[in-house]
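Dear colleague,

Please find below the structure that I am handing over to you. My findings follow directly after it.

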Amino acid sequence: MEGEPFERRLSRADLLRLAALAAGAGVVAGPAAAADAAVARLTQESGRLQVMDWAGYGNDGGQAMFAAYVHQHPQNKPQFTHMTSESNALGQIHSGAHPDLFRPYVGWVKYFAKSGLVQPWNPSLIPNFKHLNKFMVKAGQFNGKQYGIPDDWGFDSILYRKDKVHAKEQSWSLLFDSRYKGKIAWFDDLEMITIAGLYLHAKNPWNQTSAELSRSVTFLKSKKHLARLIWASEADLDQAFAQGDVWIAYAWPNDWVQMKAKKLPVVYMHPKEKPIAWVGMFMLLKGTPRPHLAHAYVNAWSSKKSGKWLEDNYGYGHANVQARPQSSQLLRALQLTNPKAVTLPNAYLDRDIPQRAQYAQLWEEVKRA
Amino acid sequence: MAAPVPRRRRRPRLATPALLGLPLGWLVVFLLVPVAIVALYSVDVLSLFPGPHSFALGGWYRLFHQGYMSLFWKSAKMSLIVSALVVATAYPLAYFLALSGTRRKYVLLLLLIAPFLTSYLLRVLAWKVILGDQGVINSFLSSVGLHPLSFLLYSRFAVMIVLGYVWLPFVALPIFVTLDTLDRRLLEAASDLYASRLQAFVRVTLPLSMPGVVAAFLFVFIPTVGEFVTPSLVGGTSGYMYGNQIVDLFQQGFPDWETGATLALFLIAVISVLTFVFVRFLRLGEARVA
Amino acid sequence: MDVALSRNGRRIMRVFFGIVLVFLYAPIAILLVFSFNNADIPAFPLSGFTLRWYHAFLHNGDLQAALETSAIVATITSIIAVALGILASIGISRSRFRGRGAATTLLLVPLVIPLVVLGLSLFLLFHVLGVQLSILTIAVGHVVIVIPYTILVLLPRLEQIDRALGEAAYDLGAGPLTTFRRVTLPLILPAVVSALLIAFTTSFDEYAVASFLAGTRQTFPIYLYSALRFPTQLPQVIAVAVVVLCASLVVIVAAELWRRRAEARLEAPA
């Protein structure tokens, strides 16, 4: 096994002992399990695993995702801090929070990898790793190292009511359609600038030139009055949609499932400019005292059982290609039979934004206008 | 033999100003010092990201040149309207409780104030249900054949009505206190001098209750200028306010603590000036009435 | 003849007051209704009566933890804030000194600070000092918010108490601490209880400042706000919050009424 030392104090003697133990134990039990147990015993990672995650993924509803981990490591049950956004997580980490792992989304992988705040994972310690979607796995790599382990995923596209809305074409233009003034919902994130760039045919929406940016921002400002709501939380969107306050919205596949459950005639669009795909990425912080426990946690998350639970209950896709939801509608919406769903030619996988700070500033400007 | 007479000890100040030391100290450490720190962040003397930095006025430049001022003015206007309406609504209520001699005035006052002490977030959520396109109001309108109103929710109107709703109970109290301590004999004297009730109100009650009214106005206006929770829940696109902007600079997109601190400091400065001016006005008013 | 209101005026006022009360309590009633509604999303039309949200709360570990955290923070806050409030009120009411006005102003300033500013500045303070965010940091912020309320409740009561009582105790040989313990405190006890309750409920419900200062443990309002991000969590949180809301209403009203009665009794001639 790859005896890659983690960023903690492991002496040479420790490493040799580790190798011997693993070799010996490997004869008796499975290699990964033995390595796991041996290393844990040797390095004696203790204390509760500190996980920084989004709301709904901890003990506030997401217990099934890591139940296997809790079963295996009852002494190191996870303790959760909340992140409300990657920016919020960044601020927290700089302010002295010490999570062992956290979960930004794919667009931030490169930023965090370069920031010196995180360290790469060791996939050989994650038995379920081989079942994860290859394209998503690739998106979590930087400089050949696996900085992000993909977990949940979905699309960004448009949800609309087919009984109230006549879409001239399947396009992002529906978000900016003046016929439906006051019935449209945008998303509260600088991604709207990316979408504007996508719609206006910028060469690279994630890295627009200043001319393209200026065009996107002016465009958004001119169309902002058409949007009734700029939603930041799904519950907001779902409530507004269900109450009939909006008919057209930037939305995720789960929102489509929710609205269908409410018996609304809704369509989840595949725009001709292509939807954007997002993937959540577990990242391991540098200097964590519990790296192996973190790997065990991610492994539990990556299982087929967890994947199925996530899809059935939260309506998000899961990176484990064996996970299939019960709902055939969700299966269709997520295009789960297509392993290349998240990437071209089907969709644009979200990616790093080199000028993120500027995009953020411009988005705030749009909101202020 | 008579009992010994206790010698009269010199009475030290039982309650010396030193008692104030602890509470004042708390506020100095946890209110004044933090504000000073905000000031340091706004000029980049302190910063989120490690690395070299020094005094710089970039944040202040951005404050005045990138549309933050119009956002501030928009928020201030909304707060002004809300505060004026709330005070105007609360005044008659307080007047009724204080001056009509009703027996159960304290209970009624309590009923008026109690909602203020309950969950703020939930009250905002309840309004979302009331104001929505298929909410209470609109479903009622539809059922009688009228067209539903779409400006009710996710609009500036929604922000104002919810803020008004939240602050109304709070505002009734200072006005009530002022009116309650009003000397009724003044009103009786006015009546003896053949003044009508309206004249008595305009020339006696209203001027004397002005300090309470001004205090009440400030008590609503100042916190609502910086509000961010209500606008984020019911404000929609057009209800985006100054407070939201500050929070976003810290929590969203990409952290920009320098600009956020600058916006916060500007808000504090405006409020301090306002409070100072109003207190001066109050002092002058009191001097005139006395 | 009533010098302040005519009979018609009274009638109009009563109606107006009634309308305002309906306006104030209607949203609360609506929440109550939705806590029994059999649907994931609080929207009309209603979908049938159910108690399952109240049951679901019993299995939601994080929700219970959030309630517990809020209770702990509120307890710490109310004890510290009332203690400081007592000190401040005694200090202000019993002595006359040059800076009294300025001191009183500073103590009441938190009433008019926008919470976003307070939360933000304390967040930066702790960041600079390297203090990790925790229950204590939230309590610190809440104490700042609540001190003026405690003073506004305690100070009038202290000024009401006859100073001669304290001086008499002193003349009989009691030191300042004994005087406080055996004379002042019993007399202001109803106000102290009131202040504790106000401090507790304010802290329990506070979101804005807590959102900046919370560490690994969430308070209930923070949990509630983030439940808005996950539709499935919302109904049970509403159910719990309705319970909290009704409980705090009842407690506050009952306590205030008790306080008035207790104080009246303390003042009544023997």
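In this predicted model, the largest nonpolar core holds 279 residues. The members that touch the most others are A:Phe102, A:Leu175, A:Trp186, A:Met192, A:Ile248 and A:Tyr297. Helix H3 of chain B, which covers residues 68-99, provides the largest share of this core, with 15 residues. Another core, of twelve residues, lies apart from it; C:Val82, C:Ile90, C:Leu187 and C:Ala195 are among its members.

A:Ile248 may serve as an example from the largest core. Which residues does A:Ile248 contact, once its neighbours within four places in sequence are left aside? They include A:Ile158, A:Leu159, A:Tyr160 and A:Val165. A:Leu174, A:Leu175, A:Tyr180, A:Lys183, A:Ile184, A:Ala185 and A:Phe241 are also in contact with A:Ile248.

I turn next to chain A as a whole. Chain A contains 14 helices and 14 strands. Of its 369 residues, 61% count as buried. If one takes the contacts in chain A between residues at least 6 apart in sequence, 73% of them join residues at least 24 apart.

A:His71 is a residue of chain A that you may wish to locate in the display; its place is in helix H3 of that chain, residues 67-72. Is A:His71 buried or exposed? With a relative accessible area of 69%, A:His71 is exposed, because the cut-off for that class is over 50%. Between the C-alpha atoms of A:His71 and A:Pro345 there is a separation of 41 Å, and the two residues are 274 residues apart along the chain.

The last topic is the interface of chain C and chain A. About 2,100 Å² is buried between these two chains, and 55% of that area is on carbon and sulfur atoms. In the side of chain C that touches chain A, at least two residues are supplied by each of helix H3 (61-94), helix H5 (115-129) and helix H10 (220-227) of chain C. H10(C) gives the largest share of that side, three residues. By class, the residues of this side of chain C are nine nonpolar, ten polar and three charged. In total, 22 residues from chain C and 32 residues from chain A take part in the contact.

How many salt bridges does the rule find across the interface of chain C and chain A? The count is zero. For residue pairs in polar contact between chain C and chain A, both at pLDDT 80 or more, the count is likewise zero.

Yours sincerely

Conventions: Residues numbered from 1 in each chain as written. Chains lettered and ligands numbered in written order. Predicted model: local features only at pLDDT ≥ 70, side-chain atom pairs only at ≥ 80, totals over all residues. Heavy atoms only, no water. Core = buried A, V, L, I, M, F, W, Y, C linked by side-chain atoms within 4.5 Å. Buried < 20%, exposed > 50% of the residue type's maximum accessible area, 1.4 Å probe, protein only. Helix = DSSP H or I, 4+ residues; strand = E, 2+ residues; numbered from the N terminus. Contact = heavy atoms within 4.5 Å. Buried area = accessible area lost by both parts, 1.4 Å probe. Salt bridge = Lys/Arg side-chain N within 4 Å of Asp/Glu carboxyl O. Polar contact = N/O pair within 3.5 Å; in protein donor to acceptor, adjacent residues only side chain to side chain. Nonpolar A, V, L, I, M, F, W, Y, C, P; charged D, E, K, R; others polar.
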